[in-house]
Amino acid sequence: MKSLIDILNLSTAEIDELIRTAISISDNPAKYSDICRGKTLANLFFEPSTRTRMSIESAMYSLGGNVINMNDQSTSSASKGESLSDTIRVVSSYVDILAIRHPSEGAGLLASEFSSVPVINAGDGGHCHPTQTLADLLTIYREKGSFDDLTIGFCGDLKYGRTVHSLIKALLRYKDVKIYLISPEELALPSYLKDYMNELGNSYIETISLEDAIPNLDVLYMTRIQKERFQDINTYENLKDVYILKKESLNLAKDNLSIMHPLPRVNEISIEVDNDPRACYFKQVLNGKYMRMSLIIKLLSLYEKTASVKETGSHNDIGSNKEIISNEKIDSDFKCKNPHCITNHERGLKGVYEIKDGKKQCAYCEYEEDIS
Ligand code: CP
């Protein structure tokens, strides 16, 4: 693995290894405090962030490395019309590793195609967020001791909830994981993820009722209804407070329920729940820093930089990232129907799809369309 774009880039053994290293870092931070001396990370954030950007920055500093930041698209040459691929080519020539958050789905994969150094996808639109999943996995591991036989409920915005998408993919590799999908119909999980669960034979239950689901859960993963993902503000207003976890909502829950949330929260968890011993969402934050430290060590140790000439991939001549897009079908006539897909925003980028179960699936954003 050269980059982390999708949580499925990591094998189960690699996730175990990242967790072991993260626990070792938290037990003995001094041992790791100089491990990235002389290395520099670039943080390219085209969307707002508190936790992900600052925890990646804090992780790199705690490893003895340096960080350069692009926090605001309006002060970069993206505002002059520079393409993402050009930005990535340029920035990757300054640094040893880069992290990118972008509103377009598939932007992380595009960045990895053009970067000469490892790329961390720090969130691509409503698609995926693999480093949040690493934070979530360490939290579940520390709370439950294992991922097998868990019943986990995902509640809220499952349509655009990138943290939900990545965590579901990660959990499906473990034994007898049962999933409750708790959302209004308008915010249901994308079909490609349901297809994926069906393919793997995992059981899931869809419901709109948090009250009905909560007694069955070992883990409740609450999410924010994300105003920034809605085209129509009235739809957001109608849905924004559809789930509010209150102290009374927990009367029917198990004593050892773990309540998680990737944060930021708005109204979906009442502040009174914060003092409940089952609330884990602030623990996720620190676990995220340890897992990002562990990931940076892994990606940098895997990456052998050629001293003078850095190889740069180029789109549709994917080179070093062949392992990321596999079985691809590049088709200049294919146009992804997802308006948020990077292929609809980046000049000159050709469509790439795979045929899956009679559907065309975009290799960048995983949006599926029927073949007609
Ligand atoms: N969980 C998360 O991604 O938070 P930020 O948007 O603050 O980075």
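**Exercise 1.** Is Arg-347 buried or exposed?

*Solution.* The model is a predicted one, in which local features need pLDDT of at least 70, side-chain atom pairs count only at pLDDT 80 or more, and totals for chains, interfaces and linings use all residues. Residues are numbered from 1 along each chain as its sequence is written, and side-chain values use heavy atoms, with hydrogens and water left out. Step one is the scale: buried means under 20% relative accessible area, exposed over 50%, and partly exposed in between, with a 1.4 Å probe and protein chains only. Step two is the value: Arg-347 has a relative accessible area of 61%, so the residue is exposed. Step three is the location: Arg-347 lies in the loop between β10 (329-331) and β11 (351-356), where strands (E, at least two residues) and helices (H or I, at least four) are DSSP runs numbered from the N terminus. From C-alpha to C-alpha, Arg-347 and Glu-82 are 9.8 Å apart in space, although 265 residues apart in sequence.

**Exercise 2.** Determine which residues surround the ligand and which side chains offer it N or O atoms at short range.

*Solution.* A residue is near the ligand if one of its heavy atoms lies within 4 Å of it. The residues around the ligand are Ser-49, Thr-50, Arg-51, Thr-52, Arg-101, His-129, Gln-132, Pro-262 and Leu-263. By class, the shell holds 2 nonpolar, 5 polar and 2 charged residues; Ala, Val, Leu, Ile, Met, Phe, Trp, Tyr, Cys and Pro count as nonpolar, Asp, Glu, Lys and Arg as charged, and the others, Gly among them, as polar. Next come the atom pairs, for which the limit is 3.5 Å between N or O atoms. An oxygen atom of the ligand is 2.9 Å from a side-chain N or O atom of Arg-51, and an oxygen atom is likewise 2.9 Å from one in the side chain of His-129. A nitrogen atom of the ligand is 3.0 Å from an N or O atom in the side chain of Gln-132. The protein covers 92% of the 250 Å² of accessible area that the ligand has on its own, by the Shrake-Rupley method with a 1.4 Å probe.

**Exercise 3.** Compare the expected and modelled spans of helix α2.

*Solution.* The expected span is 1.5 Å times one less than the number of residues. For the 12 residues of α2 (residues 51-62) this gives 16 Å, and the end C-alpha atoms are 16 Å apart, which agrees. The buried residues of α2 are Thr-52, Arg-53, Ser-55, Ile-56, Glu-57, Ala-59 and Met-60. After α2 comes Gly-64, with a positive phi near 85°.

**Exercise 4.** Classify the ring pairs that link Tyr-141, Phe-147 and Tyr-174 into a cluster.

*Solution.* Rings of Phe, Tyr and Trp (its six-membered ring) pair if their centres lie within 6.5 Å; planes under 30 degrees apart are stacked, over 60 edge-to-face, and the rest tilted. This rule yields 7 aromatic pairs. For Tyr-141 and Phe-147, the centres are 6.1 Å apart and the planes at 40°, so the pair is tilted. For Phe-147 and Tyr-174, the centres are 4.6 Å apart and the planes at 35°, so this pair is tilted. Phe-147 is buried at 5% relative accessible area, Tyr-174 is buried at 11%, and Tyr-141 is partly exposed at 34%.

Terms used:
Polar contact = N/O pair within 3.5 Å; in protein donor to acceptor, adjacent residues only side chain to side chain.
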